[in-house]
Each structure stands twice: as structure tokens, then as C-alpha cells.
Amino acid sequence: MVSWKILTNDCLMEIFQLLSYKDLARAGQVCRRWKSVADLEFLWECRLKQDYNVKREIPLRPGAVCWKEEYERLVDRVPCVELKKIEEHSDEVFHVSFSNNGLMFCTSSKDTYVKVYNADSPFDIVFSSQPRGNYWTCAQMSRFSPCDTQLLVSGSRPGREQYGEIVIYSIFGGTFSIQARVRIRPYDVMGTWLNESHFLSARAHSNYGKRQCLCEVFLNKSGQKVVDPQQPNATRSFLFRCDFGTVSYLHVADLTKPLRQVVQRNVSKDVKELLHYIHYKHLQKLSQSYSHNEQDTCTEYRKGSVCEACSVQTSAERNAKRMEMMSLTKFNSATNCFSLDTKTSQGNTEESTEVDEHDTRRLLKSFGIQKADTDSFTKTYHAQVFSNVASDQGSISTNHPGTSSSSLMLPVCEVCKIQVLPDDANQKFAASEIDTSSVASTVEEVTFASFPARYKLFLCFTGSRVCVHHQIGVKILHQEECSKVVEEDISQMLSDHPDDYSRLDVDTWDHVFELPGQCVGMTLSPCNRYLYVNMRRFICMSEEDIMLEDSPSVSKEVEMFVYDLITMERVAILTGHNAESDVFFLHLSSNDYYVASGSEDDRGCIWDRHYQACVASLHHDKVVSCVAVNPRDTSMAVSVSDDNKVKIWGSKSFHKKMKHERLIT
């Protein structure tokens, strides 16, 4: 008699490959043997890649346990079930954004209202306001500050000049009050946060006859209490010349952490292979400047060093002070404070090793090296760091018990020639703008152990061939706050060169992403390393034909280009959303797992960032302008549409849990 028991595991595996994911899960509940076959990684990998059209070469997501759990996540924990529909707006809703802590979300509408909601059920309104009343034609975008204490809202004003305005709300402590206003031009500049106290805006000055445009990028204080928006209290950060387009849709990418991680994980590789040239060149310049300033500071400090004992007038007081200083510099043999080796003269015990690591960290901190990860320091790197900080004169005496021959170089008193660690060593040796917490390689005399405390990029849409935005400009930011800079007034510059802006001294982009179509949306990944751009291709046109038209025809299909901001290379293209009309913007958002975008085919789309697959569609009655995914709760999303509705979406597992709780109550 034929029985299932005579089938080999290979035969079962061939049969199970033909099953759907539900049948495969059920087959694993029949018996232990079937379960062992049904749980094979190969089967679930094939099932996931077939069902979600994932490329074969894409591996398992880093941090994931197995393919089966990944399939369960994509089925049960992706926001795809409508939880609530909100109809508070009276006109089209353009944009929605979450706070960074995921506790609130804000919607912006054509009815000029901005509404802030709680992200927890029942999703009550926290705040509702018209930032400028009848002075605005619409509220088009909102962004929370990094610490969620302020809200940036941008809107457009009526008139042919295409002016817009940015309004900053203070939301600290639950109070919403306007604390800054800045005029922008054009209105699609939007504005963006640089840090908690400053934001960026822009203003364009066009010469329509010559098809030239000058764009000023301003750094503004968020609490400036501006009364007259014509004269904002700001510092001009950049001045760009655009042949056709303007500067708009501003973003700031903080690459401080991603850059360090890339270099730390690839210490053995050439830095030039890891970073794009603009990063390598900038870090090289910073490193050379830091080494030069450090050498000058140390030389100047040692030149005029006098210890506390020699500064005392009388000999008796001087001798007493010197004895006191000598007693302070005698170290316990077990601690071995200034030794870079964790071994002590009394043996390499676990207790002494812990003490050594603590003292090494304390010593590094005294020299301005903050948050040093001494576990990853090698002896070679120790020697490299201290050879940069120390001088070639004098060293700590090795006569003290427990001190090593690898001693730290310190200043010498000009009178008594005793080496001392003065009280103001922190001020002399600390580099306020350099954080040496990263371990990196040295290439061509570039010490990449010295990283800037902040490394940020300014990103925006621009254009040089046609008036539509088809480029993304990249510029390294050097300024974190407003400064009193005396600069030439832009009106005087324009009056001196009314017919030709090409003669003006302007800033140039550090890098430009050239896209083969119109840019209609952009966002950054949570780590700020990856840039996601919605783009509509130019239709079957050569370079010459494109430049002859002001607004070339574009495709109805929208493609999402993914760029790595460290290598400046395109790493993926996501598809699945459309734009039927001359859509202005389809906004995007992202969290650790997903990236989401609006679409003109009456639905929003959510993609898995790692597998590059569309995993959910969020349906509306009209065009979906924006989809925002919660940065903290990856199973929650909010979509807004031209049907005046705001829809809140949750995962299947969360929906089942809510239904179960309702049945119990």
C-alpha cells in the first residue's frame, strides 16, 4: 500500500515548493518529520522571493533570524489594514509627517490648516491652526525639529511672484506658539532643520531674459521672533547660480555616524575605495589643518610652561609646593595610569585590567578624546594618537613604580625642568571641533582618526538644462549656527551685474546627481546614509531636444532612485507607483524597515528597504500625495489624499489584537 511515509525528504521538499505560504505552514503542523522539512530555510527563501518578486542575489536582511520569520514579518507586521479614517480637513491634504519619537503626526492641507494628532488610538487632535490665515493659499509641508520641541510649517502665498513662507511653532510643553517667520521664494523651497535651534531656507532672484537665477541659502534662528519677514535675522550660507531651475525641497543629511561606521568596519581597506572623493578630500583637509594647529598649540604651550611650584615667590613655599606636586604624581603600581599596555608589573589579572581600561579612558578624556572606545584601540593606534598629541621634548618619568617605558610626552617647566600635567591641559590639548572616537586607517598622510564632530550635507533639487528639477545638488555644510558675517548685499550685487550673473562670485556644488527626468519627491533613511528620490523620466528625448524645451514631456511611471551618500552611487531602483497628470510632488518617508510614497493611481505604496519589494498598497478615492511611516512603530503608517481624508494604517497582527480586545470588552 502506498503511504506518505515512503516519500523521502527530497521528494517532500519538491512538493512543498509548490505550496503557498499558508499551505506550507499548515504542512509543518502534520508531524515532526514534515515540520523539519517545512521549516527549511531554502523553502521559505524561495517562497518570499517568488511572492514579493525579490531578486535572487539579495541575501537575508542583516539582523534577521531566518527567512521564515522574515516572511511572517512581511505578511503580519506591515501596515496594510485601515484602522481609522479622519475627515477633519475641508480640502486636499498635501503632506503628513511623524515626530521623531513617533508619538505625533502632522497634516498640511490646501485649506491652509495644519493639524497635529496623537499617534495612539483614538488619534485625537492635539493642535489645529491656520499659520497665516488668508495670507496663505495652502499649507504644503511640515517637519518636526530633531528633539520634537518645534514644528516647521511651509506654505505658499498668492501672487505671481511665487512667494512662500516658513513659520516655526514652539510645541514644547504642549503649547503651540509662533516664534519665527521667514519668507521664501519660490514656495517649493519648503525649508528644513539643520539642528534644534536653526533651520535652512532659500530665496531665488531670477533674470528671465537671460534665463539665469541666483539662489541664496540662509541659516535662520528658529527662535528669532521676526516681525518683518522682508528682513530675516539670518546668515547667508551659500549663493548658487542656476541656469534654469531654482533651489528647492531642501534637506540636510547628517553623515557623522555612517562615515565612522564605514571606516571602522573596513580598517584594512584603502579609504579612497570606501568614500567618495568629496568626503576624502574634505577629511584630508580637516586632518591636515588639525595636525598643523595641534603642533602650533603644543609648541606654544611648552615654550612658556612654568609649574605651580616655580611660580611661588619664596623658596620655602616653592619647596613645599614642589613636594606636594610630587606626591600627587606618584601612582599606584596596580593602576599603571600612563601605561598603554593593560599588563601590570604584578601580573595580568582581570581586576587590574579593568582598572587600567578605566584609567586609560580617563587619560584620553583629559586630552580632549571624548567617548573613546578603548577596547578597539590597538597598541599601534595608541602610539599614533599620543605621538600626534605629545611633543618630542620630555616625557613622564619612568622612575615611578608601575609606569611603563611607553610614556606620554608632556610639557617641561622652564625653571625646574620637571614634567607636569597642568590644570589647563584640557583647554590646551582638547580640539573642540574634532572627535577622535573613531578608529581608522592612515592613507597618504591623512589621519582619519580625527573626524569632525559634525559632518552634514546640504541637499536640494535644482536644474541646469531645463526649468524643471532634474538634478540634486550636494554641498558640505561648515556652519551650525548663525554668525555675524559682514557680506555684500544681494541687491547691490544684482545692480552691478544686471544683465549677466555669470560674472558673480558664487558657490559651486561639491557634487551633483544628474537624473534622467523630473524630481518629484525626496527623503532620507533614518541613518541618513541613503537618499530616496521619486523621479519621472523624460520621454524619448535626446540631450539637445531636452534643452530646447522649457518643460519636456515626462513619463507617467514614477521610479524611486536610491543613492548611497557615502559613495555617491545609485544602489537600487524601486518601481510600482504612477503619476497620471503633471503632479507637483509625491512625498516620501522612511523608517528602519520600510520606505513609503504617494502615487496618482489612488493608492500609496510601501516598499521593504532591504528586499526592494513593494509589500503594501494603501487605497484612497483620489490621488495619494504622501504616505508617512512611523519611525518608532514600524507597523503603523498614515496616508493623505486629494479626497480630503487622512487614513491610519496598522498591521494585520495589530488589527487582530484590537478586534480581540473589543470582543473581550
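Two exercises with worked solutions follow, on a helix and on a pocket of a predicted model.

Residues are numbered from 1 along each chain as its sequence is written. In this predicted model, local features need pLDDT of at least 70 and side-chain atom pairs count only at pLDDT 80 or more, whereas totals for chains, interfaces and linings use all residues, and side-chain values use heavy atoms, with hydrogens and water left out.

**Exercise 1.** Determine which residues of helix α4 are buried, and which helices they pack against.

*Solution.* Begin with the chain, which has 15 helices and 32 strands (DSSP runs numbered from the N terminus: helices are H or I, at least four residues, and strands are E, at least two). Next, locate α4 at residues 41–51, where L43, W44, R47, L48 and K49 are buried (under 20% relative accessible area with a 1.4 Å probe, protein chains only). Then follow the packing of these buried residues, which is against α1 (9–16), α2 (21–27), α3 (32–38) and α5 (67–76) (contact means heavy atoms within 4.5 Å). Finally, look past the helix to N53, which follows α4 and has a positive phi, near 55 degrees.

**Exercise 2.** Describe the lining of the largest pocket by position and by residue class.

*Solution.* Take first the 42 lining residues (those with an atom within 4 Å of a pocket grid point), of which N100, L524, S525, P526 and N528 are the closest to the pocket centre. Next, identify the contributing elements: those that each supply at least two lining residues include β2 (93–98), α6 (256–265) and β22 (517–524). Lastly, sort the lining by class, which gives 19 nonpolar, 15 polar and eight charged residues (Ala, Val, Leu, Ile, Met, Phe, Trp, Tyr, Cys and Pro are nonpolar, Asp, Glu, Lys and Arg charged, and the others, Gly among them, polar).

Technical notes:
1 Å grid on protein atoms, 1.4 Å probe; cavity = no way out; pocket = protein on both sides within 12 Å on 5 of 7 lines; lining within 4 Å. Buried < 20%, exposed > 50% of the residue type's maximum accessible area, 1.4 Å probe, protein only.
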